Structure formats: C-alpha cells, structure tokens
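Student: I should like to learn how to read the nonpolar surface, the core and the charged pairs of a protein model. Could we work through one structure together?

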Amino acid sequence: MILSKIIWNPVEGIDLGFFVIRFYSLMFVVAFSLGWYLMKKIYIRENVSIEKLDTIFIYAVVATLIGARLGHVFFYDWDYYKNNLLEIILPFRFKPEFEFIGFQGLASHGAAIGIIIAMYYYSKNVIQKHILWILDRIVIPVAFGAIFVRLGNFFNSEIIGNESGDSTFGVKFVREGLRKSEAVRETGIKNVNDAYAAIVNDPKFADTLEAIPYRHPAQLYEAFGYIFVAVILWLIYWKTDKRNNPGFLFGAFLILLWTVRFIVEFVKKSQGGFEDSLGDALSTGQWLSIPFIIAGLYFIIRSLKKKEVV
C-alpha cells in the first residue's frame with residue numbers, strides 16, 4: 001500500500017553550487033567502491049597480491065561502461081544510432097537541435113559481455129590464473145553492484161514498469177511521465193526543477209499530475225531480487241567449498257541474476273530492441289537473458305564434474 005502513494009519527483013542530484021553530483025553517478029561510485037572492498041577481502045583470503053586489485057578495478061570500470069553503452073546501442077536502439085554514429089561516443093544530441101544529454105542508455109547485458117571479455121585479458125595478462133577463477137569471484141561484487149545501479153535507475157526515473165492499475169504497488173514517475181519541455185510549457189516556469197515541483201505541489205496543476213499513471217517500480221523489484229542473488233553468492237563463497245569447483249559460482253550468478261531479470265521484465269515497460277520482430281511474447285531483455293541462463297546451467301553442470309583449484 002505504501003508504494004501506491006508515492007509521487008516520485010527527485011532532483012537530479014546534490015547541488016554543490018559549482019557542480020551537481022548526480023544520484024545515478026553516485027550509485028555507480030558506490031557500486032564500484034563496494035566492489036573494490038569485497039574483492040580486497042577475497043584477494044586477502046586467496047593470498048593474491050593486493051597490488052593487482054587496482055588493475056582489476058580499472059578493467060571492470062572501463063569494461064562495464066563501454067560494454068553497457070555498446071549493448072544499448074546494438075541491442076536496443078541501433079535503428080537510431082546507425083544514423084547518428086557520433087552520439088554513440090559523444091554525450092550530445094545533434095538533431096533536431098544540439099543538446100547535451102549525457103550517455104543515456106546503458107544495457108546490463110552489454111556490461112556483462114564487456115566484463116567477461118575484460119576478465120579474460122586480466123586473467124591472462126595480470127593474474128595468470130584460469131579465467132573461471134576470476135569469474136567465480138568477480139561475480140560477487142558485480143551482483144552487489146547491480147543493486148545500486150538499479151537504485152540509480154530509480155532515482156533517474158528510468159527503466160520503469162507498466163501501469164500498475166489496481167495493484168497495491170505503484171509509483172507515479174513525474175519526470176518520466178512529463179518531459180522537461182512539457183513541464184516548463186505547462187507551468188510557465190523556466191527552471192525545470194521548479195516547474196516539476198509546481199506540478200506536484202500546486203493544486204492548479206492537479207489535473208496534469210492526475211494524468212500521469214502509477215507504474216510498477218520495476219527498478220526496485222529488480223534491486224530487491226539482486227539482494228538475494230548477491231547474498232547467496234557471498235554465502236556460497238565463504239561458507240562452502242564450491243569456490244573450488246571451477247565455474248560453479250559463475251554459473252550460479254548467470255542463472256540467478258538473469259532469472260530475476262527475466263521475471264521482472266514481465267512488468268517492465270518495453271525498452272525497445274528487436275522484440276517486435278520475434279513477436280510480443282517476450283521482451284528484448286528476456287530474449288537476451290535466456291542465453292545467459294543456459295550458459296549458467298552449462299557451467300554449473302561442468303563444475304560438478306571437475307573439482308580443483310584453477
């Protein structure tokens with residue numbers, strides 16, 4: 001019942017006067033910082049030099065951002081970007097007018113592929129261990145980090161759910177339901193934050209606010225599911241000897257995390273992509289999750305047949 005009464009209109013970040021710390025960026029900082037701390041504990045346990053921790057941090061950050069960006073471009077919005085190639089690497093929109101928009105669009109499937117590729121090079125060139133050794137361990141901080149990334153999506157009012165209707169869960173995403181230009185035009189207030197605030201708080205804009213539907217907070221559903229994924233992987237690593245089964249933790253991660261994603265997609269607003277060409281039974285996110293889940297099953301089965309430290 002609580003969520004059904006939420007009207008979500010957060011400011012973009014913490015305004016320091018000379019700089020705005022965006023909540024979405026802050027969640028990424030939290031995710032990577034927590035990941036560094038968790039991997040440090042793992043490296044200490046495994047007697048791996050801490051000096052190699054900074055390298056994996058750099059690999060992970062670069063791979064996540066590049067992979068996530070390219071994943072969005074090719075999986076979800078290639079029809080647009082094939083005619084606007086510069087916008088793939090530049091944070092600007094050139095048409096219909098020049099505008100700074102940041103890098104809008106990061107796909108977790110692309111990030112996963114990017115991290116796997118980066119860990120291959122890291123395992124060969126830095127740590128000199130089998131790739132499954134590092135993948136079995138990196139998935140723990142990745143799972144914890146995914147929680148904060150989805151919280152960042154919630155702050156950004158993006159990756160929202162379908163209309164919640166009579167459901168007891170629902171959030172009115174004001175900034176998603178009303179574009180900045182529409183909010184300014186509707187209120188006559190040039191400052192965007194003040195315009196949105198007026199729509200939420202001024203009774204004369206009650207009809208405008210009412211027209212924005214309540215939606216499932218899909219980001220929170222996903223973040224909640226990832227909490228269980230992260231805790232399960234953490235406990236498997238620290239409380240069992242399955243870490244010595246090459247690929248077991250990696251496989252468990254693929255199955256658990258992408259199953260959560262697959263389930264939440266049923267209430268998530270379409271993000272576009274190639275789903276129309278394959279029918280409307282499954283979303284693009286679900287189609288992309290299936291290969292990861294199948295791969296996870298393969299690594300689990302494979303790991304149970306071979307137990308050794310790689």
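Tutor: Certainly; please bear in mind throughout that this is a predicted model. Let us start at the surface, where α1 and α2 each contribute at least two residues to a nonpolar patch.

Student: Which residues form this nonpolar patch on the surface, and what accessible area do they have together?

Tutor: The general expectation is that nonpolar side chains in soluble globular proteins tend to be buried together. Here, W36, Y37, F57, I58, V62, I66, L70, F74, W78 and L85 form a patch on the surface, and their accessible area together is about 950 Å². Helix α2 provides the largest share, six residues.

Student: Where does L85 lie, and is L85 buried or exposed?

Tutor: L85 is located in the loop between α3 (78–81) and α4 (86–89). The cut-off for exposed is over 50% relative accessible area. L85 has 52% relative accessibility and therefore counts as exposed.

Student: Let us turn to the interior. How many residues does the largest nonpolar core have, and which have the most contacts inside it?

Tutor: A core is read as a set of buried nonpolar residues joined through their side chains. The largest one in this model has 49 residues, and M39, Y43, I56, M119, I134 and L233 are those with the most contacts inside it. At least two residues of this core come from each of α1 (23–45), α2 (53–76), α5 (108–127), α6, α11 (218–239), α12 (248–264) and α13 (284–305). Helix α6 supplies the largest share, with 12 residues.

Student: Which residues does I134 touch, leaving aside those up to four places away in sequence?

Tutor: With that exclusion, I134 touches M39, Y43, I56, M119, Y122 and S123. Apart from the largest core lies another, of 10 residues, including V174, I199, F205 and I212.

Student: Where does R137 lie, and is R137 buried or exposed?

Tutor: R137 belongs to helix α6, which spans residues 131–155. Buried means under 20% relative accessible area. R137 counts as buried because its relative accessibility is 2%.

Student: What surrounds R137, and which side chain does it join in a polar contact?

Tutor: Not counting residues up to four places away in sequence, R137 touches M39, I42, E46, Y237 and R243. With E46, the side chain of R137 makes a polar contact of 3.0 Å.

Student: How many salt bridges does the count come to?

Tutor: Such a pair is recognised by a side-chain nitrogen of Lys or Arg within 4 Å of a carboxyl oxygen of Asp or Glu. By this rule, there are seven salt bridges. In one of them, D79 pairs with K82, and the closest N and O atoms are 3.8 Å apart. D79 is exposed, at a relative accessible area of 59%, whereas K82, at 41% relative accessibility, counts as partly exposed.

Student: Which residue forms a salt bridge with E222, and which parts does the pair tie together?

Tutor: The partner of E222 is R150, with 3.0 Å between the closest N and O atoms. E222 lies in helix α11 and R150 in helix α6, so the pair ties together parts that are 72 residues apart in sequence. Both E222 and R150 are buried.

Student: Which residues are linked with this pair in a network of salt bridges?

Tutor: The network links R150, E222, R261, E265 and K268. Within it, the side chains of K268 and E265 meet at 3.1 Å, N to O, and both of these residues are buried.

Notes
Residues numbered from 1 in each chain as written. Predicted model: local features only at pLDDT ≥ 70, side-chain atom pairs only at ≥ 80, totals over all residues. Heavy atoms only, no water. Helix = DSSP H or I, 4+ residues; strand = E, 2+ residues; numbered from the N terminus. Buried < 20%, exposed > 50% of the residue type's maximum accessible area, 1.4 Å probe, protein only. Polar contact = N/O pair within 3.5 Å; in protein donor to acceptor, adjacent residues only side chain to side chain. Contact = heavy atoms within 4.5 Å. Core = buried A, V, L, I, M, F, W, Y, C linked by side-chain atoms within 4.5 Å. Patch = residues over 30% accessible without salt bridge, like charges linked within 9 Å, V, L, I, M, F, W, Y side chains within 5 Å. Areas by Shrake-Rupley, 256 points an atom, 1.4 Å probe, with all protein chains shown as cover.
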